[in-house]
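Hi,

Here is the structure I promised to pass on, with my notes underneath. Could you open it up and read along?

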Amino acid sequence: MTTNTTTDNKKEFNREASKLRNWVKVGSDQFPPELDRYHLYANYTCPWVNRVLIVRKLKGLEHVISVSITEPRLDEKEGWPFNPEFDELTTEDSINHAKNIPELYKLSDANYQGRYSVPILWDKKKSVIVNNESSEIIRMLNSEFNAFSNNPQLNLLPSDLESEIDKINELIYENINNGVYKCGFAPTQEGYDIAFDKLFNTLELLEKRLDTNRYLLGDRFTEADVRLFPTLVRFDAAYYNGFKYKTAESAKRALESMTTEKKAIGGKVPELAILEDFKAKAKNGGSRGGFRGDRGGRGGRGGFKSHKKQRN
Ligand SMILES: N[C@@H](CCC(=O)N[C@@H](CS)C(=O)NCC(=O)O)C(=O)O
C-alpha cells in the first residue's frame, strides 16, 4: 500500500501529487463526454471526493455519471474497501466488482505505481481510470457534460473570474484544504506552528471577505466556494479533535469558520439545500473514522502542543 503523504523536508508535510491526469473533453477522441460512460469511485469521508460529489449533484449529473461508495474506513493493507453492508450510504462496485480501490488501479494499469486514492473517474468503455485528481474532475463536470446536464446554466468557473478563482483556490488549498493536514501531519513543532498560523490567518481573511461579499468571489457562487466547503464542514468532526487544535481560541475560530461556510453557501442559493444533506453524510463519515482515511490515525502527530501563542 502506498502512502498518502510524504514529508520530504524537515519542517513541512507534503502531499504526493495525483498521477492519472487524462481529461474528458468535448471533441476528444480518447475521452469524449457521453451519457452513462463514466463512473465515479467515491466515499463521503474524503474532503477531496466531497467536492466531486457536490459538483456532480449541483450540475445535475447524477443520471450521467454513476457512482460507487466505499466504506468510510481505510484499511491499512487493503485500501478503501467496498462493503455494501456497512451502512445505507455504501455500495458494491457495480461496474468492476472489485473488492477494494487498489484492485481498480491495477485493473486500469497493471504497472501502476502510486497512491490508491479516491476519487477516481472511471471510463466504463475503455475500462481505465481517466483521472484521480479531484480539482480536475470538478472542472470536467462543470464544463464538459453540459449536453446531458440537468443544470447546464450553472457555471462554477466563469471565464472572467477564472484567474481570481485560481488565485484564491491556491490560497485555500495551501492553507486550509491541505493546511489542516499540514498541521495534523507536521513532522516538527515548528512546522505545526507555521501551518497553524497560516490556517487560522486565512480563515480570518476569508471571514472578512465574506463580511462584504456574498460569496468568496463576490455575488457569484463559484468553484472556490465548493472547494472551501468540505474542509469547513468537517472541521469540528475530524480536524479539530483529530489534529489537536485544542485551544479555547481554536474552538471559537472553528465555530466562526462554520459561520463563514453558512454565509458562503447555506441558505443563499435555494438549490444548495443539498449541502445540508451532504453535511450530515460527511459528518457521519467523519465520526466513523473519517479523517483516518487521510492517515489521520496518527492522531494529528498530536505530540505537539496545540499552539503556543494566544490569539485572542
Ligand atoms: N489530490 C487528490 C487527493 C485525494 C486523496 O488524498 N484521497 C485520500 C482520501 S481523503 C485517499 O484516498 N487516500 C488513500 C491513500 O492514499 O492510500 C485529490 O484531490 O483528488
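Let's start in the loop between α2 (101–108) and β5, which is where Pro 119 lies. Pro 119 is joined to Val 118 by a cis peptide bond, with omega at about 5°. Before you go further, keep in mind that this is a predicted model.

Right after that loop comes a hairpin. It is made by β5 and β6, with 4 residues between them. Strand β5 covers residues 120–123 and strand β6 covers residues 128–131, and the two pair in the antiparallel sense over 3 bridges. If you want a landmark for the register, take Trp 122, which stands opposite Ile 129 in β6.

The turn has its own oddity. Ser 127, in the loop between β5 and β6, is not a glycine, yet has a positive phi of about 55°. Is Ser 127 buried or exposed? It counts as exposed, because it has 12 C-beta neighbours inside 10 Å and the cut-off for exposed is 12 or fewer.

A positive phi also turns up at Asp 36, again a residue other than glycine, with a value near 60°. You'll find Asp 36 in the loop between β2 (14–15) and β3 (38–42). Asp 36 has 12 other C-beta atoms within 10 Å, so it is exposed.

Now the sheet that the hairpin belongs to. In what order do the strands of the open sheet run? There are 4 of them, in the order β4-β3-β5-β6, and the pairing is mixed. At the edges sit β4 (66–69) and β6, each of which pairs on one side only. Ignoring direction, neighbouring strands here are turned by 35° against each other on average. While β5 and β6 are antiparallel, β3 and β4 pair in the parallel sense, over 4 bridges. For orientation at that end, look for Tyr 41, which stands opposite Ser 68 in β4.

On to the helices, beginning with α1. Helix α1 runs over residues 47–58, which makes 12 residues. From first C-alpha to last, α1 reaches 16 Å, close to the 16 Å expected at 1.5 Å a residue. How many of the residues of α1 are buried? The count is 11 of 12, so you can think of α1 as mostly covered. Among the buried ones are Pro 47, Trp 48, Asn 50, Arg 51, Arg 56 and Leu 58. Just after α1, Gly 60 takes a positive phi of about 65°.

The other helices I looked at are a packed pair. Two packed helices are described by the angle between their axes and the distance between the axes. Helix α4 (residues 162–177) and helix α6 (residues 189–212) have their axes 8 Å apart and pack at an angle of about 130°. Why do α4 and α6 count as oblique to each other? Angles over 145 degrees would be roughly antiparallel and 65 to 115 roughly perpendicular, and about 130° falls in neither range, so α4 and α6 are oblique. On the α4 side, the contact uses Leu 171, Asn 175 and Ile 176. These meet Lys 198, Leu 199, Thr 202 and Leu 203 in α6. By class, the contact has 4 nonpolar, 2 polar and 1 charged residues.

If you only have a minute, I'd look at the cis bond between Val 118 and Pro 119 and the positive phi of Ser 127.

Cheers

Key: Residues numbered from 1 in each chain as written. Predicted model: local features only at pLDDT ≥ 70, side-chain atom pairs only at ≥ 80, totals over all residues. Expected span 1.5 Å × (residues − 1). Buried ≥ 20, exposed ≤ 12 C-beta atoms within 10 Å, placed from the backbone. Pairing = 2+ DSSP bridges. Axes fitted to C-alpha atoms, helices over the stretch in contact; angles between N-to-C directions. Parallel < 35°, antiparallel > 145°, perpendicular 65-115°, else oblique. Contact = placed C-beta atoms within 7 Å. Nonpolar A, V, L, I, M, F, W, Y, C, P; charged D, E, K, R; others polar.
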